Amino acid sequence: DLVSFVRVLHDHDDDAVGRALTAARRAISDDGVLLIAEPMLRTRGAEPVTAAYFGFYFLAMGQGKARAPSDIEQRVRKAGFHEVREHRTSAPLLVRVLTARPLN
């Protein structure tokens, strides 16, 4: 199994993200993989750009929250996953990728 969140988590508040990740853990098999792909805070060399981008984006959306990989990892672990890894991407300003495995 693979459960993916592609440009989803940053569009929602903390409670909704927690519920979505918990639902993903319930749905995924014990040997499955969780994949998260979206723009994230603390992208080296792009901090001012991401701050401006997220500021305007969330103003237009009326909800959501920018998160750093460490914040997402904490929420992923709380939902019942482990072995959280960040993978290199060719355009980290646009997308960063995390994967995790279900905790048995």
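Let me begin with E83, which lies in strand β3, where a strand is a DSSP run of E of at least two residues, a helix is a run of H or I of at least four residues, and both are numbered from the N terminus. E83 has a positive phi of about 50° although it is not a glycine, and its relative accessible area is 47%, so it counts as partly exposed. That term covers the range between buried, which is under 20% relative accessible area, and exposed, which is over 50%, with a 1.4 Å probe and protein chains only.

Before going on, I should say that this is a predicted model, in which local features need pLDDT of at least 70 and side-chain atom pairs count only at pLDDT 80 or more, while totals for chains, interfaces and linings use all residues. Residues are numbered from 1 along each chain as its sequence is written, and side-chain values use heavy atoms, with hydrogens and water left out.

Now to the overall fold. The protein has three helices and four strands, and if you walk from the N terminus onwards, you meet the elements in the order β-α-β-α-α-β-β. The radius of gyration is 14 Å, close to the 13 Å that the globule rule gives for 104 residues, so the protein is as compact as a globular protein of that length; here the radius is taken over C-alpha atoms, and the rule is 2.2 Å times the number of residues to the power 0.38. Along the principal axes, the C-alpha atoms fill a box of roughly 40 × 30 × 20 Å.

Of the 104 residues, 40% count as buried. The accessible surface comes to about 6,200 Å², and 55% of that surface belongs to carbon and sulfur atoms, the areas coming from the Shrake-Rupley method with a 1.4 Å probe, where for residues only the protein chains shown count as cover. If we take contacts, meaning heavy atoms within 4.5 Å, between residues at least 6 apart in sequence, then 69% of them join residues at least 24 apart.

What lies in the largest nonpolar core, and which of its residues have the most contacts inside it? This core has 17 residues, and those with the most contacts inside it are F5, L21, L34, I36, I72, V76 and F81. By a nonpolar core I mean a set of buried Ala, Val, Leu, Ile, Met, Phe, Trp, Tyr and Cys residues joined through side-chain atoms within 4.5 Å. The elements that give two or more residues to this core are β1 (2-6), α1 (14-27), β2 (33-38), α3 (69-78), β3 (81-87) and β4 (96-102), and the largest share, three residues, comes from α1. As an example from this core, L34 touches, beyond four places away in sequence, a set of residues including V3, F5, L21, V76, F81 and L98.

Let us turn to some single positions, and to R7 to start with. R7 sits in the loop between β1 and α1 and, like E83 in my opening, has a positive phi without being a glycine, here of about 55°. R7 is partly exposed, with a relative accessible area of 36%, and beyond four places in sequence it touches A37, E38, P39, Y53 and L94. Its C-alpha atom is separated by 13 Å from that of L41, which is 34 residues apart from R7 along the chain.

Is T43, in the loop between β2 and α2 (47-61), buried or exposed? T43 is buried, with a relative accessible area of 4%. Leaving aside neighbours within four places in sequence, T43 is in contact with P92, L93 and R96, and the C-alpha atoms of T43 and V95, 52 residues apart along the chain, are separated by 9.7 Å.

T89 has its place in the loop between β3 and β4, and with a relative accessible area of 23% it is partly exposed. Not counting residues up to four places away in sequence, T89 touches V95, R96 and V97, while T89 and A37, 52 residues apart in sequence, are 9.9 Å apart in space, C-alpha to C-alpha.

My last position is S4 in strand β1, which is partly exposed at a relative accessible area of 41%. The C-alpha atoms of S4 and R88, 84 residues apart along the chain, are separated by 17 Å.
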